[in-house]
Amino acid sequence: MVYGFKEWNIVCHALECGRQTVLLRSGGIHDPSQWQADFPAEFYLMPNEYHEQMDLVTWQLEKPLREEPRWTIRSQARVKSVTHCLCLEDLDTIRDQHILKPEVLQERFKRKTEGLWIIEVEVSVLPTPWKLADLPEYGGCRSIVPLPDHRSAGSKTFLADKS
């Protein structure tokens, strides 16, 4: 199975250029409660503007983001580690690995259940962006969504070929 991970467009850009190296999740309504057990080891990043708020990040691009069709996938990620952080003060150790403001982390830490999942990733930019149709199953409050066969992306990736 091939998966996509929905994330703010600005965060995807930060991951793609190496400014960010972790994904941070408290869990959306439909997200798994145990990321470590349920999280795919490899996935495509699905940049989107849903809930994106530029005033909640510490990093801004020099030029505005280019308007692309919704669900234009530019990169993929491989999980290096998954940690469940249960102490808010411990988040200080990763402050240089993400672009979210401290108050955003605090709010996410206390949102669904106490704690925050820290997913360290290695990101690779695709040679050619992959444009997906805007399907209803990509919507909603879930981070991880199944995608069509990745070979239709027309690029060589590090996602394992399951054929």
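Just after helix H1, Gly 18 adopts a positive phi of about 85° in this predicted model. The helix that precedes this glycine is largely enclosed by the rest of the structure, because 7 of its 8 residues are buried. The buried residues of H1 are Asn 9, Ile 10, Val 11, Cys 12, Ala 14, Leu 15 and Glu 16. Their cover includes the strands S1, S2, S3, S4 and S5.

The protein as a whole contains 3 helices and 6 strands. Read from the N terminus, these elements follow the order β-α-β-α-β-β-α-β-β. Of the 163 residues, 44% count as buried. The surface that the protein exposes amounts to about 8900 Å², of which carbon and sulfur atoms supply 51%. Contacts across the sequence were also examined: among those between residues at least 6 apart, 84% join residues at least 24 apart.

The interior was then considered. In soluble globular proteins, nonpolar side chains tend to be buried together. In the present model, the largest nonpolar core comprises 32 residues, and Leu 24, Phe 43 and Leu 91 touch the most other members. Several elements each supply at least two residues of this core, namely strand S1 (2-8), helix H1 (9-16), strand S2 (22-25), strand S3 (42-48), strand S4 (72-85), helix H3 (102-109) and strand S5 (116-131). Apart from this core lies another, of 11 residues, which includes Met 46, Ile 73, Leu 126 and Tyr 138. The surroundings of Leu 24 were listed without residues up to four places away in sequence; on that basis Leu 24 touches Ile 94, His 98, Leu 100, Leu 105, Arg 108, Leu 116, Trp 117 and Ile 118.

Arg 108, one of the residues touched by Leu 24, also takes part in an arrangement with an aromatic ring. The charged end of Arg 108 sits over the ring of Trp 8, at 5.3 Å from the ring centre.

Pairs of aromatic rings were counted next, and the total came to 3. One of these is formed by Tyr 44 and Trp 130, whose ring centres are 4.9 Å apart and whose planes meet at 75°, so the pair is edge-to-face. Because Tyr 44 lies in strand S3 and Trp 130 in strand S5, this pair ties together parts that are 86 residues apart in sequence. Tyr 44 is buried, with a relative accessible area of 0%, and Trp 130 likewise counts as buried, at 5% relative accessibility. Trp 71 and Tyr 138 form an aromatic pair that is also edge-to-face, with 6.0 Å from centre to centre and 80° between the planes. This pair links distant parts of the chain: Trp 71 belongs to the loop between S3 and S4, whereas Tyr 138 belongs to the loop between S5 and strand S6 (144-147), 67 residues apart. Both Trp 71 and Tyr 138 are buried.

Tyr 138 and Trp 130 appear again in the surroundings of Pro 148. With neighbours within four places in sequence left aside, Pro 148 is in contact with Val 2, Trp 130, Leu 132 and Tyr 138. Pro 148 lies in the segment after S6 and is partly exposed, with a relative accessible area of 37%. Although Pro 148 and Val 2 are 146 residues apart in sequence, their C-alpha atoms are 6.9 Å apart in space.

A charged residue was examined in strand S1, where Glu 7 is located. At 6% relative accessibility, Glu 7 counts as buried, because the limit for this class is under 20%. Leaving aside neighbours within four places in sequence, the contacts of Glu 7 are Cys 12, Leu 23, Arg 25, Met 46, Pro 47 and Asn 48. Cys 12 is among the buried residues of H1, and Met 46 is among the members of the core of 11 residues.

Finally, the cysteines were inspected for disulfides, and the count came to 0. For Cys 87, the nearest cysteine sulfur is that of Cys 85, at 6.4 Å. A disulfide would require the two sulfur atoms to lie within 2.5 Å, and Cys 87 is therefore in no disulfide. Cys 87 counts as partly exposed, at 29% relative accessibility.

Key. Residues numbered from 1 in each chain as written. Predicted model: local features only at pLDDT ≥ 70, side-chain atom pairs only at ≥ 80, totals over all residues. Heavy atoms only, no water. Core = buried A, V, L, I, M, F, W, Y, C linked by side-chain atoms within 4.5 Å. Buried < 20%, exposed > 50% of the residue type's maximum accessible area, 1.4 Å probe, protein only. Helix = DSSP H or I, 4+ residues; strand = E, 2+ residues; numbered from the N terminus. Contact = heavy atoms within 4.5 Å. Phe/Tyr/Trp six-rings, centres within 6.5 Å; stacked < 30°, edge-to-face > 60°. Lys NZ or Arg CZ within 6 Å of the ring centre and 35° of its normal. Areas by Shrake-Rupley, 256 points an atom, 1.4 Å probe, with all protein chains shown as cover.
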